[in-house]
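Open the model in your viewer and keep the selection tool ready. This short tour goes from stop to stop.

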Amino acid sequence: MSEKTVAQAELQRQKNYAEMVHTVLSARISGEPKAFVHTYGCQGNVADSERIKGMLSEMGYTFTESEDEADLILFNTCAIREHAEDRVFGNVGALKSKKKRNPGCVIALCGCMMQQSQVAERIKNSYRFVDLVFGTHVVHKLPEMLYKVLCTGSRVFELPKSDGVIAEGLPVSRDSSFKAWLPIMYGCNNFCSYCIVPYVRGRERSRDPETVVNEARELVKQGYKEITLLGQNVNSYGKDLPNPITFSELLKRINDIEGDFIIRFMTSHPKDCTHELLDTMASCEKAARHLHLPFQSGNNRVLKEMNRRYTREKYLELVEYAKEKMPDISLTSDVIVGFPGETYEEFQDTVSLIREVGFTSLFTFIFSPREGTPAYSMDDPVSAEEKGKWFREMLKVQEEIAGERTAKLVGTTAKVLAEEQDEKGYVSGRTGGNVIIRFKCDNPEKVIGNFVNVKVTNALTWIVEGELINDN
Ligand code: SAH
Ligand code: SF4
Ligand code: F3S
């Protein structure tokens with residue numbers, strides 16, 4: 001066991017605290033205590049929240065969607081862009097009156113935003129009704145921290161700086177009974193010059209492959225139909241292990257688990273994406289034909305300034321290889337417009353790359369300066385208004401491409417995991433390529449959570465409609 005792994009004795013100590021919290025709550029609250037947990041940010045945060053909810057369950061909490069009836073309100077926050085942080089500050093501010101009406105309600109904040117010292121200071125000084133603030137490296141200590149808040153009534157701030165830990169064996173309360181998030185590694189070593197993640201999530205650390213495969217096997221046994229492997233850069237999985245293994249090898253091992261399920265994974269960093277991985281994807285029948293491969297910019301100078309460590313040519317070569325091995329591959333990506341110093345001509349290289357690749361969909365962002373990152377202090381002469389124009393230009397191009405791509409799906413049949421029903425009665429899910437597909441269905445309760453075959457009959461720009469072929 002590596003020194004990054006939280007010792008079992010410590011986890012047992014936390015279990016004891018969980019029981020103590022349970023006892024305190026039973027004495028104070030008639031009926032079951034209720035927790036409202038809201039998650040901002042990426043799937044990594046969602047997966048953390050599932051563990052937080054697992055621990056809260058052990059402490060006796062049930063969950064509510066209403067802040068008003070909650071005895072505990074917890075926000076798991078994201079620091080990726082300024083807009084994300086502003087939303088959190090706004091929503092936390094709104095809790096002040098709630099706390100006044102119900103002083104017994106515990107207000108807790110955690111996640112990436114809290115790991116930044118200037119944010120924690122601001123909460124300490126200007127949001128005095130917040131009871132508990134904890135960082136990304138002490139999530140497993142929630143029972144102890146909550147116990148302190150409940151028993152002393154004083155505010156608890158637990159924000160150690162750390163390269164990061166791995167806490168195995170925490171209870172998990174999953175949001176879905178058929179789709180599961182499976183973190184395979186935590187942290188990031190890449191220090192892209194615009195990005196806050198390495199500062200708030202610590203260094204890359206991989207979970208033990210056997211533990212990951214066992215968890216996947218257990219999920220399949222429980223009836224999970226889709227497993228999404230998570231990491232900021234899954235392609236560097238395993239490099240830090242005492243017995244290094246590749247992501248490609250891990251994917252094979254999970255693919256070998258018997259059962260009817262599909263495997264997705266994110267995010268792949270182009271600098272570590274290998275032909276071997278693409279070959280493995282092609283040969284793994286359970287791996288969805290979808291690759292999320294963020295390119296960020298199509299211009300080599302900008303990529304260098306971003307510290308992405310690949311070129312436009314390398315990116316396009318990978319895409320070409322992926323398409324050759326998997327002609328039906330669906331590519332999605334992340335892109336940043338208006339990186340400091342980017343010119344309109346350089347931005348045009350991003351537009352041309354988008355056209356050249358033909359992405360199914362794009363997550364598009366305008367550069368947001370993050371305190372503590374190198375890009376924060378770079379010269380940024382282009383106005384927000386101008387960047388907005390470029391952004392809209394890019395969206396128009398992508399809209400056109402997405403429309404062409406969804407049109408091509410008409411007439412094909414997709415194996416779809418039926419996920420939910422909307423107000424209009426449509427059931428929706430996603431194709432292997434991650435395109436949302438909706439269809440009418442007489443017995444939604446029977447199909448939701450199962451695979452169905454759907455024939456695509458109509459393409460709207462971003463999503464498609466279809467007809468159910470069978471429901472078993
Ligand atoms: N690890 C993933 C990305 C995680 S963050 C990867 O490297 O691909 C998700 C996306 O947010 C990034 O891909 C990037 O496009 C965007 N992003 C990150 N920091 C940003 C910033 N400061 N401003 C704007 N967008 C940002
Ligand atoms: Fe951020 Fe880059 Fe790490 Fe992704 S790879 S999380 S963009 S530093
Ligand atoms: Fe946000 Fe942290 Fe994820 S900054 S995107 S929640 S790793």
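**Stop one: ligand 3.** Keep in mind that this is a predicted model. Select ligand 3 and show what surrounds it. You should find Cys42, Asn45, Cys78, Ala79, Ile80, Cys112, Arg201 and Gln232. Now colour these residues by class. Five are nonpolar, two are polar and one is charged.

**Stop two: the second largest pocket.** Turn next to the second largest pocket, with a volume of about 750 Å³. Its lining takes in 34 residues. To centre the view, select Asp328, Leu409, Thr431, Gly432 and Gly433, the lining residues nearest the middle of the pocket.

Which elements give two or more residues to this lining? Select strand E11 (262–266), helix H14 (384–409), strand E15 (413–421) and strand E18 (451–459) to see them. Then highlight E15. This strand supplies the largest share of the lining, six residues.

Colour the pocket lining by class as well. The lining of the second largest pocket has twelve nonpolar, eight polar and 14 charged residues.

**Stop three: a helix pair.** Stay with H14, one of the elements that line the pocket. Add helix H13, residues 344–357. How do the two helices run relative to each other, roughly parallel or roughly antiparallel? Their axes come within 10 Å and cross at roughly 15 degrees. Angles under 35 degrees count as roughly parallel, so H13 is roughly parallel to H14. Rotate the view until one helix lies in front of the other. The crossing of H13 past H14 is right-handed.

Terms used:
Residues numbered from 1 in each chain as written. Chains lettered and ligands numbered in written order. Predicted model: local features only at pLDDT ≥ 70, side-chain atom pairs only at ≥ 80, totals over all residues. Heavy atoms only, no water. Near = heavy atom within 4 Å. Nonpolar A, V, L, I, M, F, W, Y, C, P; charged D, E, K, R; others polar. 1 Å grid on protein atoms, 1.4 Å probe; cavity = no way out; pocket = protein on both sides within 12 Å on 5 of 7 lines; lining within 4 Å. Points joined across faces, edges and corners; volume = space filled by probe spheres on them. Helix = DSSP H or I, 4+ residues; strand = E, 2+ residues; numbered from the N terminus. Axes fitted to C-alpha atoms, helices over the stretch in contact; angles between N-to-C directions. Parallel < 35°, antiparallel > 145°, perpendicular 65-115°, else oblique. Left-handed = near helix turned anticlockwise from the far one by under 90°.
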